[in-house]
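Dear colleague,

I am passing on the structure we spoke of, and below it I have set out what was found in it. Please read the notes with the model open beside you.

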Amino acid sequence: MSETVIRTRALRKDFDIRVRAGRLRRERRTVNAVAGVDLTVERGEMIGYIGPNGAGKSTTLKMLTGVLTPSSGDVRVCGLVPVDQRTRLSLRIGVVFGQRSQLWWDLPLRDSFDLLRHVYRVPPGEHAARLRRCRDLLDLDAFLDTPVRQLSLGQRMRGELTAALLHGPEVLFLDEPTIGLDVVSKQAVREFLSELGRVGDTTLVLTTHDLADIQRLCRRLVVIDHGRVVHDGTIEQLHARYGSRRTVVVDLDEPLAEPPEVPGAPVLQTEADGRRIVYSLESATAGDLLRRLAGLGTLRDIAIVEPDIEDVVAALYRAPDGAPVGG
Ligand SMILES: Nc1ncnc2c1ncn2[C@@H]1O[C@H](COP(=O)(O)OP(=O)(O)OP(=O)(O)O)[C@@H](O)[C@H]1O
């Protein structure tokens, strides 16, 4: 049976700021950073929370974790009101915010983990088992005895993830966990999180600008723009909603006078001096296209290309508030 672990209703955060209005004058202005977000997340879900710069992602996460008080609306995480019950909540959630560290800068990583065991009062057996798992999956052993300030960004991030998980949180909030990481660390972090997803008892809220993270890890994608949710559903639903099409790239040995017409699959472009034709699969299937092209003596190769999530999301960010884009 599903169980709701995060629930927000009409959640808002407004910031009053002062902006220059002329050489000496300053004006007060209100920024609606989060402008009425309704979000329900069930236990074990892994959601990607994405949006362009300044969309309100970090502000939402800060309200969910009790760092910021909402201007209005309701928020509950694990049944608790984050700001009012922040200490109790901290035992049940794990947080990795790129800019902020929970490790002790001058201590070896191993000592930070040990201190966290005391902070969270984790029984030694449980702590050891979780640490063992993180050491194996995140390859920590080579730098466990290195002071945190000497770690590379990728090593530190693997340490931060471990630190966030040692008390066995029910919900993990990750703000840009792979930003700036080298390929190996990025892969280690993604594999680790996807393993966490397979086990299925940790709920994950992930904000990132790297859509490959989302594609690897999250079935559900919540897109926020100007403080409002503009999409909440699977990646496939996003493609369907915005009319993303698969394309078929056809390579020929010799160019044809005219690209063959295929009903339901318009030609998007021809390339390589007419030796490559790119079709868009609208109402036609890949099978229809193959049958139509099979008799061509000059056919060399065919590749089906899935729609690119980057393209849809870029179009979504460019669209005026919540307006449909494309197809
Ligand atoms: N403490 C603050 N005081 C005033 N304005 C703020 C404050 N924090 C955030 N904002 C504003 O609120 C809006 C949302 O910011 P937020 O950091 O939540 O966006 P974001 O989606 O996390 O962006 P990014 O992808 O750049 O991290 C922005 O316009 C930002 O300038």
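A word on terms comes before the findings: helices (H or I, at least four residues) and strands (E, at least two) are DSSP runs, numbered from the N terminus. This is a predicted model, in which local features need pLDDT of at least 70 and side-chain atom pairs count only at pLDDT 80 or more, while totals for chains, interfaces and linings use all residues. Residues are numbered from 1 along each chain as its sequence is written.

The protein is divided into domain 1 (4-240) and domain 2 (245-306), with bounds that come from an automatic or database domain assignment. Taken over C-alpha atoms, the centres of domain 1 and domain 2 are separated by 44 Å.

Around the ligand (a residue is near a molecule if its C-beta atom, placed from the backbone, lies within 6 Å of it) stand Phe-15, Ile-17, Val-31, Ala-33, Gly-51, Asn-53, Gly-54, Ala-55, Gly-56, Lys-57, Ser-58 and Thr-59. Two or more residues of this shell are given by each of strand E1 (4-20), strand E2 (26-42) and helix H1 (57-64), and H1 provides the largest share, three residues. By kind, the shell divides into five nonpolar, six polar and one charged residue, where Ala, Val, Leu, Ile, Met, Phe, Trp, Tyr, Cys and Pro count as nonpolar, Asp, Glu, Lys and Arg as charged, and the others, Gly among them, as polar.

E1 and E2 also belong to an open sheet of three strands, which has the order E2-E1-E4 and antiparallel pairing (two strands pair if DSSP finds at least two bridges between them). E2 and strand E4 (72-77) stand at the edges with a single partner strand each, so one side of each is left without a neighbour in the sheet. Between E1 and E2 the antiparallel pairing extends over 14 bridges, and Asp-14 stands opposite Asn-32 in E2.

Turning to the other strand pair, strand E10 (residues 247-252) and E13 run antiparallel and are joined by six bridges, with Ala-303 in E13 as the bridge partner of Val-249. Of the seven residues of strand E13 (residues 299-305), the number buried is zero, so E13 lies largely in the open; here a residue is buried if 20 or more other C-beta atoms lie within 10 Å of its own, exposed if 12 or fewer, and partly exposed in between, with C-beta atoms placed from the backbone.

With best wishes
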